[in-house]
Amino acid sequence: MAKVTRRPLMAGNWKMNLNHLEANLLVQKLAASLTEKQLTDVETVVLPPFTDLRSVQTVVEGDKLLIGYGAQDLSPHASGAYTGDISGPMLAKLGCTYVVVGHSERRAYHHEDDGVVNAKVKAALTHGLTPILCVGEGLDVREDGRHVAHCADQLVAALSGITAEQATKIVVAYEPIWAIGTGKTATPDDAQEVCRAVRQRLVEIYGQDTADQIRILYGGSVKASNIAAIMSQTDVDGGLVGGASLDAEEFAQICRFPEHIAR
Ligand SMILES: O=C[C@H](O)COP(=O)(O)O
């Protein structure tokens, strides 16, 4: 089946790496490594730690860089006595476009369950941010052959109460936990199997038109050397890149993937 045209998105999740000075340097290097056409063809986004966001905003706006940015998490609440948390309005004020929600590291280390993830998706949308909603299975689930059902269940729970119009503003990321930071990449077929199932579930909930507008990313040991094969898959619209996004040239090469897809 022909691939529906959705603008590819490469989002670099820096996780807990780089201070604000290092952040500025990386964003400037990244922008300098990509042409205006490349940045137009492939949406390029960085997701730094909270403490870097103001600096990234200043360099992106000051130098009019065609690079988007966002945060790695947000509170489900808009304000209040939630020590250590950061709210959607705070991120919106910093010019963020995106926010990661439900990353497996948040689910594991901060015990975020489906209810919390759903509340965060709603908070992001309420405050004009695009959630990058992460789903993905651990190794035990994959070995049991339950990965498709597991990811579909996480998706459905996270989208509870979300309308079709809101759903068009969401990005979904499939990240098999066993492939994160391990060097083990899912094969392009593995990525397509789950991304296709995610799209199918979106069709069931919202209909084909809405599902066709939603971008689905793959994440898990994405590198310049494997991105083209992953991006050749019908239902994969981009990458959520961890380690490889900390190197400006490697991430720029990932963003240049269209040049490596055989025509
Ligand atoms: O959010 C990004 C993912 O967790 C992937 O990380 P990785 O590219 O270092 O495997």
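**Close-ups of a predicted model**

**View 1. The shell around the ligand.** Sorted by class, the residues around the ligand come out as three nonpolar, seven polar and two charged. Keep in mind that this is a predicted model. Going along the sequence, the ligand's surroundings start with Asn 13, Lys 15 and His 103, then run through Glu 175, Ala 179, Ile 180 and Gly 181. Rounding off the set are Gly 220, Ser 221, Leu 240, Gly 242 and Gly 243.

**View 2. Polar contacts to ligand oxygens.** Let's zoom in on the N and O atoms. Lys 15 puts a polar side-chain atom 2.7 Å from an oxygen atom of the ligand. With His 103, a side-chain N or O atom sits 2.9 Å from a ligand oxygen. Gly 181 takes part through its backbone, where a polar atom is 2.7 Å from an oxygen atom of the ligand. How much of the ligand's accessible area does the protein cover? On its own the ligand has 300 Å² of it, and the protein covers 94%.

**View 3. Lys 15 and His 111, two residues with positive phi.** Lys 15 shows up again here, this time for its backbone. Its phi is positive, at about 55 degrees, even though Lys 15 isn't a glycine. You'll find Lys 15 in the loop that links strand 1 (9–13) to helix 1 (20–33). His 111 isn't a glycine either, and its phi is also positive, near 55 degrees. That residue, His 111, belongs to the loop between helix 5 (104–109) and helix 6.

**View 4. Helix 6 against helix 8.** A helix pair like this is summed up by two numbers: two packed helices are described by the angle between their axes and the distance between the axes. For helix 6 (residues 114–126) and helix 8 (residues 147–158), the axes come within 8 Å and cross at roughly 50 degrees. That crossing angle is why the two helices, 6 and 8, count as oblique to each other. On the helix 6 side, the contact is made by Asp 114, Val 117, Asn 118 and Val 121. Helix 8 brings in Gln 154, Ala 157 and Ala 158. By class, this contact has four nonpolar, two polar and one charged residues.

**View 5. Asp 190 and its contacts.** Asp 190 is part of helix 10 (residues 188–206). Which residues does Asp 190 touch, leaving aside neighbours within four places in sequence? They are Arg 142, Tyr 174 and Trp 178. As for Leu 133, its C-alpha is 19 Å from that of Asp 190, with the two positions 57 residues apart in sequence numbering.

Definitions and conventions: Residues numbered from 1 in each chain as written. Predicted model: local features only at pLDDT ≥ 70, side-chain atom pairs only at ≥ 80, totals over all residues. Heavy atoms only, no water. Near = heavy atom within 4 Å. Polar contact = N/O pair within 3.5 Å; in protein donor to acceptor, adjacent residues only side chain to side chain. Areas by Shrake-Rupley, 256 points an atom, 1.4 Å probe, with all protein chains shown as cover. Nonpolar A, V, L, I, M, F, W, Y, C, P; charged D, E, K, R; others polar. Axes fitted to C-alpha atoms, helices over the stretch in contact; angles between N-to-C directions. Helix = DSSP H or I, 4+ residues; strand = E, 2+ residues; numbered from the N terminus. Parallel < 35°, antiparallel > 145°, perpendicular 65-115°, else oblique. Contact = heavy atoms within 4.5 Å.
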